[in-house]
Structures are given as structure tokens and as C-alpha cells.
Amino acid sequence: MHTFTDTDRRLWKVRLSIPVMDRVRDETGVDIGVWDNLQVVNMSAIDLANVLWVMVASQAKKMRVTRDTFRAAVSGDALHDAQKAFIDEYLLFVPSDRQRTLTRAIAFQKRVAEIERVESDRLETLSDDQILQLSAATQETSGNDATELPASVESTRTSTVSAS
């Protein structure tokens, strides 16, 4: 069993079982029992909140917390912590022969997300003209490594950042 704390400082216990998977599928349409995909990692914040709600509904009833109140309190760091608790619980639930594969796939997805964040931050430092140049250069050189800026954009970006 794994836990997370929401933004209102309530502690929630996340436990996965076949009956819980059935309820999640029946109530949300999200089938978390499919082990051969990464739906559990890639689900939207809304799907995650809905899945978590099904998993904690009996706890919420005892605490007199409504669905909307719960969902409103699962944001920011609490959303991150809830996702981690869910994924950790999921990894404990799946058969051991799948745990390694899923763990590696999750690590890969986290790395891709980090690269996307870094690239997004880098793009924010560029002017509109530089972004258009980058887009045109990327289309021209679609066979090349698209993560490298063309020399004209890189030199302009460097001089723009240095001038700041």
C-alpha cells in the first residue's frame, strides 16, 4: 500500500487489487488492468484523479470528503505525489516478470519528459523570428538531429542571451 497527501493535508492510502481494477474500469472507463501498455503512466490529470477517487472513495466517505473536494485537492505537488503513489502501487501489483519492463519504460518516459521540458525552456529564450528559422531549418533537415539548433539560430540566440 502507498500513500499521498493532498493539498488540504489529508492522507490517502492507495491499494490496488482486482476488485479495485474492476471498479476503476466500470466507473471511469480506464482499464488499468492492461499490463502491456503505459496507460497508467500516460493518463491525464483528470483520468488520474478519477482513478484515484475510485481507489479512495471509501476513505473519503469516512472523512466526509466529496468527489469534487478530493479532485480539487489533488493538484501541484499533491498530484505528482499521488501519481507516484499510484505507479508504485501498480508496480507492486503486476507480476514480477513485468515489473522490470514497466520500471524501465517509466524511467524512459520520465527522461523524455525532462528532455521536452529542457527543450521547451530553451525555446522560450528565442524570439519569434528565431523560432520560425528553427522551424524552417527543422523541416529542411528532417533527417538530421532536430535537437540541435541551426548555426544561424544558435549564434543569434547566444548573442541575444549574452546581451541580456
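Start by selecting Asn50, which sits in helix α3 of this predicted model. Asn50 counts as buried because its relative accessible area is 13%, under the 20% cut-off. Now show what surrounds it: leaving out residues up to four places away in sequence, Asn50 touches Thr28, Arg67 and Arg71. Pick out Arg67 from that group, and you can draw a polar contact of 2.8 Å between its side chain and that of Asn50.

Next, widen the selection to the whole of α3, residues 45-63, and add helix α5, residues 76-93. How do the two helices meet? Their axes come within 11 Å and cross at roughly 60°, and the crossing is left-handed. To see the contact itself, show side chains for Ala45, Leu48, Val51, Leu52 and Met55 on α3, then Leu79, Ala82, Gln83 and Phe86 on α5. Coloured by type, these residues come out as eight nonpolar, one polar and no charged.

Stay with Phe86 for a moment. Setting aside its neighbours within four places in sequence, Phe86 is in contact with Val14, Ile32, Val40, Met43, Leu48, Val51, Leu52 and Met55.

From here, step back to the largest nonpolar core, a set of 32 residues. Phe86 is among those with the most contacts inside it, along with Phe4, Ile32, Phe70 and Tyr90. To trace the core through the fold, highlight β2 (11-14), α1 (18-28), α2 (39-42), α3, α5 and α6 (96-124), the elements that each give two or more residues to it. Which element gives the most to this core? That is α3, with eight residues, so your tour ends on the helix that holds Asn50.

Definitions and conventions: Residues are numbered from 1 along each chain as its sequence is written. This is a predicted model: local features need pLDDT of at least 70, side-chain atom pairs count only at pLDDT 80 or more; totals for chains, interfaces and linings use all residues. Side-chain values use heavy atoms; hydrogens and water are left out. Axes are lines fitted to C-alpha atoms, for helices over the stretch in contact, and angles run from 0 to 180 degrees between N-to-C directions. Helices (H or I, at least four residues) and strands (E, at least two) are DSSP runs, numbered from the N terminus. A crossing is left-handed if the near helix is turned anticlockwise from the far one by less than a right angle, and right-handed if clockwise. Contact means heavy atoms within 4.5 Å. Ala, Val, Leu, Ile, Met, Phe, Trp, Tyr, Cys and Pro count as nonpolar, Asp, Glu, Lys and Arg as charged, and the others, Gly among them, as polar. A nonpolar core is a set of buried Ala, Val, Leu, Ile, Met, Phe, Trp, Tyr and Cys residues joined through side-chain atoms within 4.5 Å. Buried means under 20% relative accessible area, exposed over 50%, partly exposed in between (1.4 Å probe, protein chains only). A polar contact is a pair of N or O atoms within 3.5 Å; within protein, one must be able to donate a hydrogen and the other to accept it, and residues adjacent in sequence count only if both atoms are side-chain atoms.
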